[in-house]
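Please look over the sequence and the structure below before reading on. The paragraphs that follow lead from one helix and its packing to the sheet, the core and the surroundings of the ligand.

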Amino acid sequence: MSQNNHTTHPPARADSAPTDSASAGSALADTRAPAHTDPASAKADTANTHSSTSADSASAGSALADTGSSCPSQASPADAPAASAADNAPADAPAAECSHLDKLKTHPQAQIKHAIAVVSGKGGVGKSLVAAQLAVALRRLGFAVGVLDADITGPTMARAFGISDKLQACQDGIIPQESSGGIKLVSTNMVLPDESTPVLWRGTIISNLVRQFWSEVLWGQLDYLIIDLPPGTGDVALTIFQSLPLDGAVVVSTPQDLVAMIVAKAINMAQMMEVPVLAVVENMSYYRCECCDSVQRIFGPSTVENLAHNYTIEHFAEVPITPTYTHLMDTGKAEEIDISSLSELAGRLASA
Ligand SMILES: Nc1ncnc2c1ncn2[C@@H]1O[C@H](COP(=O)(O)OP(=O)(O)OP(=O)(O)O)[C@@H](O)[C@H]1O
Ligand SMILES: [Mg+2]
């Protein structure tokens, strides 16, 4: 995958801003702030936030208000370019591609070389498992990896990676949490008082928070940022496809025809928005019997090869139903899972 330098994009132009162009800063800092709040002033407002999470919710801000954390010392990407396996672009490569010119900038102290969204038109098909495992596989390959949990109302990533600490803010921005394996992570649960607190925010605030997770987090230098999307093709998917300079999307499906039909909507959406679909992953593709090693196609024959073929998607992978995956994801041990098909896929994406 050729390198993109997401820090070098010029600021989003007024004429290209998404229709609900409230500032990214308003969501975390003070969710009651008017839509035109300046991000810089919004951060100062965190001292005035509440701790409820209802429609006038300001609890995201309150979690960050009093942290007083010192900012991590990070060399500016311009001063210290990452030297990693993913850094294979020629020295004279253009700093940014034309298709990225209108996109949201990252924080000045962040350099995200590749951003990949994990999507599906359908809920519960295993997006979060696939997103987590792509992140883990890329990390095992030696890359600097982050995970942005864009499922604002149903976040699962903090739990999957065993992180219960809250996000901290310093004067420069938001400091992501880090897993034991070194994956940086932001998720709504890290700003809620409790992981069972419901998030009752309207679409604009949710979209703003996603933007803020992109542009105000001190990600440092990442080779890959994996973005876990909520189900469907609604507000958040639109925001991410429109506003973030994605390298592409990985689409998650399951073998049922009904699911394939809905997943096709996500593929079509990505293609309509000129986001390349890098791969399609068929989750719960089969079950391998632990006793006799036979493969059982519980949900019917695989449809992934056809799906990939029909939509000219270069890569595809199958993930088996494996009860230990559920258990490990539920107990914060996502980094102990090793799914060979996703490791191979991560390797292919990294070398593409
Ligand atoms: N291949 C698998 N084997 C066993 N369990 C799985 C598998 N894939 C997913 N699961 C489990 O199924 C549940 C749903 O998966 P997951 O949360 O990843 O789906 P999702 O598409 O992200 O859901 P949502 O649309 O709600 O975000 C989780 O408990 C997860 O651990
Ligand atoms: Mg999910």
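**From a packed helix to the ligand shell**

The buried residues of helix H7 pack against strand S1, helix H6 (203–215), strand S7 and helix H8 (257–272). In H7 itself, which spans residues 235–243, the buried positions are Val236, Ala237, Thr239, Ile240, Phe241 and Ser243. The model is a predicted one, and local features are considered here where pLDDT is at least 70.

Two of the partners of H7, S1 and S7, belong to an open sheet of 8 strands with mixed pairing, whose order is S5-S6-S2-S7-S1-S8-S9-S12. Strand S5 (177–178) and strand S12 (315–318) stand at its edges, and because each has a single partner strand, one side of each is left without a neighbour in the sheet. Elsewhere in the sheet, strand S8 (residues 248–253) and strand S9 (residues 277–282) are paired in the parallel sense over 5 bridges, and Val252 stands opposite Val281 in S9.

Helix H4 lies across S1 (110–119), S2 (145–149), S7 (220–228), S8 and S9, and runs at about 160° to S7. To the largest nonpolar core, H4 (residues 127–140) gives the most, with 9 residues. That core holds 95 residues, of which Ile116, Val118, Leu134, Ile226, Ile227 and Ala249 touch the most other members. In soluble globular proteins, nonpolar side chains tend to be buried together. Leaving out residues up to four places away in sequence, Val118 touches Lys127, Val130, Ala131, Leu134, Ile226, Ile227, Asp228, Leu229, Val250 and Val252.

Is Asp149, a charged residue that lies in strand S2, buried or exposed? Asp149 has 29 other C-beta atoms within 10 Å, and since 20 or more are enough for a residue to be called buried, Asp149 is buried. Apart from its neighbours within four places in sequence, Asp149 is in contact with Pro155, Met157, Val186, Ser187, Thr188 and Asp228. Asp149 and Leu185 are 36 residues apart along the chain, yet a distance of 7.5 Å separates their C-alpha atoms.

The last stop is ligand 1, which is surrounded by 21 residues, the closest being Gly123, Gly126, Lys127, Ser128 and Pro231. The elements that give two or more residues to this shell are H4 and helix H10 (323–330), and the largest share, 4 residues, comes from H10. By character, the residues of the shell divide into 10 nonpolar, 9 polar and 2 charged. Lys127, one of the closest residues to ligand 1, is also among the residues that Val118 touches.

Terms used. Residues are numbered from 1 along each chain as its sequence is written. Chains are lettered from A and ligands numbered from 1 in the order in which they are written. This is a predicted model: local features need pLDDT of at least 70, side-chain atom pairs count only at pLDDT 80 or more; totals for chains, interfaces and linings use all residues. A nonpolar core is a set of buried Ala, Val, Leu, Ile, Met, Phe, Trp, Tyr and Cys residues joined through C-beta atoms within 7 Å. A residue is buried if 20 or more other C-beta atoms lie within 10 Å of its own, exposed if 12 or fewer, and partly exposed in between; C-beta atoms are placed from the backbone. Two residues are in contact if their C-beta atoms, placed from the backbone, lie within 7 Å. A residue is near a molecule or strand if its C-beta atom, placed from the backbone, lies within 6 Å of it. Ala, Val, Leu, Ile, Met, Phe, Trp, Tyr, Cys and Pro count as nonpolar, Asp, Glu, Lys and Arg as charged, and the others, Gly among them, as polar. Two strands pair if DSSP finds at least two bridges between them. Axes are lines fitted to C-alpha atoms, for helices over the stretch in contact, and angles run from 0 to 180 degrees between N-to-C directions.
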